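Let's walk through a protein together, starting with its overall build and then turning to its aromatic rings. Have a look at the picture first, and keep it beside you as you read.

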Amino acid sequence: MSNEHITLAAGDAEVVLAPGNGGRVSGLRIGGTELLRQGERFGCFPMVPWCGRTRNGRFLSGGAVHQMPLNAPPHAIHGTARDGAWHIARATGDEAVITYDLVEPWPYSGRVTQAFALTEDAFTLTMSVETYDSSFPAQIGWHPWFNRNLGGGGQDVRVDFTAAWQEERGDDHLPTGNRIGPRPGPWDDCFGMPGGVDVTLTWPGQLELKVASREEWVVVYDEQPEAVCVEPQTGPPNGLNTLPRLVTPIEPLEASATWTWRRL
């Protein structure tokens, strides 16, 4: 694992990227306050070429059944790119681009590109998956771990959103296919927002941060005491099987998410 880091800065905002550790954002500091949970498995990592759990690690592509390693038995979770080293394509003061070539155990060749852009009050993450070879199903998402408490005697974060529906979750943690009315937390659940993801995190008296994306799917996870996760993605968990988005030589899969913040 490469220890090379990229630091982006704009105003009093600073982002640290760790391409060698799964292409993740390892830190976001605003006025010196760290918003992301620290640790090599945390920060904010890319979920690609699938998001959340894939049932029994298996997915169909054409007539072929592919088996992924069961890294969250009995399922495969969060893709393969967070386990690899990404390459730096470009890095300036407030922008960076990194790339990752899909390799085994993923059965198809392709390239993933992440672009990051920081301003004084916003951070935009963009990701694409492209292929020059066989078409394949894929998903894109981001898995940020926002600190539940920012310290300084402040209160724990509040998570606010309005969803059109919640994916009913079975005992196996996967959507059953039924859509239900949104339920109160704690959550490890996928919600539908047809107008685009729009979730507000509020640390009372300290900071408000909005997570927005044109995508209509978001997983909210707040079952851990240290952090809460708001994960925009291009499809629901197990979506390689239930809602495949095809990457073809003429049509890549692209998505973006923007975090904007303001002081309270």
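**A guided look at the fold**

The secondary structure of this protein consists of 1 helix and 25 strands. Its radius of gyration is 18 Å, close to the 18 Å that the globule rule gives for 264 residues, so the protein is as compact as a globular protein of that length. Please keep in mind that you are looking at a predicted model. If you drew a box along the principal axes to hold the C-alpha atoms, it would be roughly 55 × 45 × 30 Å.

Now for the inside and the outside. Of the 264 residues, 55% count as buried. Among contacts with a separation of 6 or more, 62% come from residues 24 or more positions apart in the chain. On the outside, the protein exposes about 11,300 Å², and carbon and sulfur atoms supply 47% of that area. The protein also carries 20 positive and 32 negative charges, and the mean positions of these two groups are 3 Å apart.

Next, let's look for aromatic rings. The structure holds 15 aromatic pairs. One of them joins Trp165 and Trp217 edge-to-face, with 5.7 Å from centre to centre and 80° between the planes. Trp165 belongs to strand β17 (residues 165–169) and Trp217 to strand β22 (residues 217–221), so this pair ties together parts that are 52 residues apart in sequence. Are these two residues buried or exposed? Both Trp165 and Trp217 are buried.

To finish, find Trp50, Phe59, Trp106, Tyr108 and Phe136, which ring pairs link into a cluster.

Terms used. Residues are numbered from 1 along each chain as its sequence is written. This is a predicted model: local features need pLDDT of at least 70, side-chain atom pairs count only at pLDDT 80 or more; totals for chains, interfaces and linings use all residues. Side-chain values use heavy atoms; hydrogens and water are left out. Helices (H or I, at least four residues) and strands (E, at least two) are DSSP runs, numbered from the N terminus. The radius of gyration is taken over C-alpha atoms; the globule rule is 2.2 Å times the number of residues to the power 0.38. Buried means under 20% relative accessible area, exposed over 50%, partly exposed in between (1.4 Å probe, protein chains only). Contact means heavy atoms within 4.5 Å. Accessible areas come from the Shrake-Rupley method with a 1.4 Å probe; for residues, only the protein chains shown count as cover. Lys and Arg count as positive and Asp and Glu as negative; His and the chain ends are not counted. The place of a charge is taken as NZ of Lys, CZ of Arg, CG of Asp or CD of Glu. Rings of Phe, Tyr and Trp (its six-membered ring) pair if their centres lie within 6.5 Å; planes under 30 degrees apart count as stacked, over 60 as edge-to-face and the rest as tilted.
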